[in-house]
Amino acid sequence: MNEAATSGAERHWRALERLYASAPVNSLFASQLEVTGEGRARIVFDVTEASYHAAGAAHGTIYFKMLDDAAFYAANTLVTDRFLLTTSFNLHFTKPVRTGKVVAEGRWVSGRRRVFVAESRLVDEEGDEIGRGTGTFMKSRIPLSSLAGYSG
């Protein structure tokens, strides 16, 4: 990739990180997005008792949110003009988590036109996979440039 293309991609990736940080829902979670390359995104977040279900472990909503977001942003690295929308998402729980840092790793799998497929996995502090998912994402009519968080 030439320098101009690299700098354009880097600007897009940093703008996606700003977009994530600006979403009101993310004020509810101690999390941070890092776009690590084309088709790749990583979210580090803290699981606390605030996200527990009645039996004392993280509720599935936290798994879904972080898996969906990591896969979504991995796919949106390939789209510089439009906001993507999740059209479906499958997830699998493999281990409960109670507290600590968890990493959601997203990776684009296929699609470059209108529909994108990406997968993600959650890894706890011990390095164990605690969940994984696969999502389908579609280009919306919403220009990324129209979103205040993306533009800066």
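This section describes the sheet, the helix packed on it, the nonpolar core and two individual residues of a predicted model.

The sheet is open and consists of six strands in the order 1-2-4-5-6-3, with antiparallel pairing. Its edges are formed by strand 1 (31-37) and strand 3 (82-93); each has a single partner strand, so one side of each lacks a neighbour in the sheet. On average, and with direction ignored, neighbouring strands are turned by 25 degrees against each other. At the edge occupied by strand 1, six bridges connect this strand to strand 2 (residues 40-47), and the two run antiparallel. Within this pair, leucine 33 has isoleucine 43 of strand 2 as its bridge partner.

Helix 2 (residues 60-76) packs on the sheet and touches strand 1, strand 2, strand 3, strand 4 (100-110), strand 5 (115-123) and strand 6. The direction of helix 2 makes about 135 degrees with that of strand 3. From its first C-alpha to its last, the helix of 17 residues reaches 24 Å, close to the 24 Å expected at 1.5 Å a residue. Helix 2 is mostly covered, as 15 of its 17 residues are buried.

In soluble globular proteins, nonpolar side chains tend to be buried together. The largest nonpolar core of the model comprises 37 residues, and those with the most contacts inside it are Ile43, Phe45, Met66, Tyr73, Leu122 and Phe137. At least two residues of this core are supplied by each of helix 1 (3-22), strand 1, strand 2, helix 2, strand 3, strand 4, strand 5 and strand 6. The most is given by helix 2, with 10 residues. Ile43, one of the core residues with the most contacts, is also the bridge partner of leucine 33.

Glycine 131 lies in strand 6 (residues 129-143). This glycine counts as buried because its relative accessibility is 0%. Residues up to four places away in sequence aside, glycine 131 touches Leu67, His92, Phe93, Thr94, Arg121 and Leu122. Among these contacts, Leu122 is one of the residues with the most contacts inside the core. The C-alpha atom of glycine 131 is separated by 20 Å from that of valine 35, a residue 96 residues apart from it along the chain.

Glutamate 17 is located in helix 1. With a relative accessible area of 17%, glutamate 17 is buried, because the cut-off for this class is under 20%. The side chain of glutamate 17 makes a polar contact with the side chain of arginine 14, at 2.8 Å. When residues up to four places away in sequence are not counted, glutamate 17 touches Leu33, Glu34 and Val35.

Note on methods:
Residues numbered from 1 in each chain as written. Predicted model: local features only at pLDDT ≥ 70, side-chain atom pairs only at ≥ 80, totals over all residues. Heavy atoms only, no water. Helix = DSSP H or I, 4+ residues; strand = E, 2+ residues; numbered from the N terminus. Buried < 20%, exposed > 50% of the residue type's maximum accessible area, 1.4 Å probe, protein only. Contact = heavy atoms within 4.5 Å. Pairing = 2+ DSSP bridges. Axes fitted to C-alpha atoms, helices over the stretch in contact; angles between N-to-C directions. Core = buried A, V, L, I, M, F, W, Y, C linked by side-chain atoms within 4.5 Å. Expected span 1.5 Å × (residues − 1). Polar contact = N/O pair within 3.5 Å; in protein donor to acceptor, adjacent residues only side chain to side chain.
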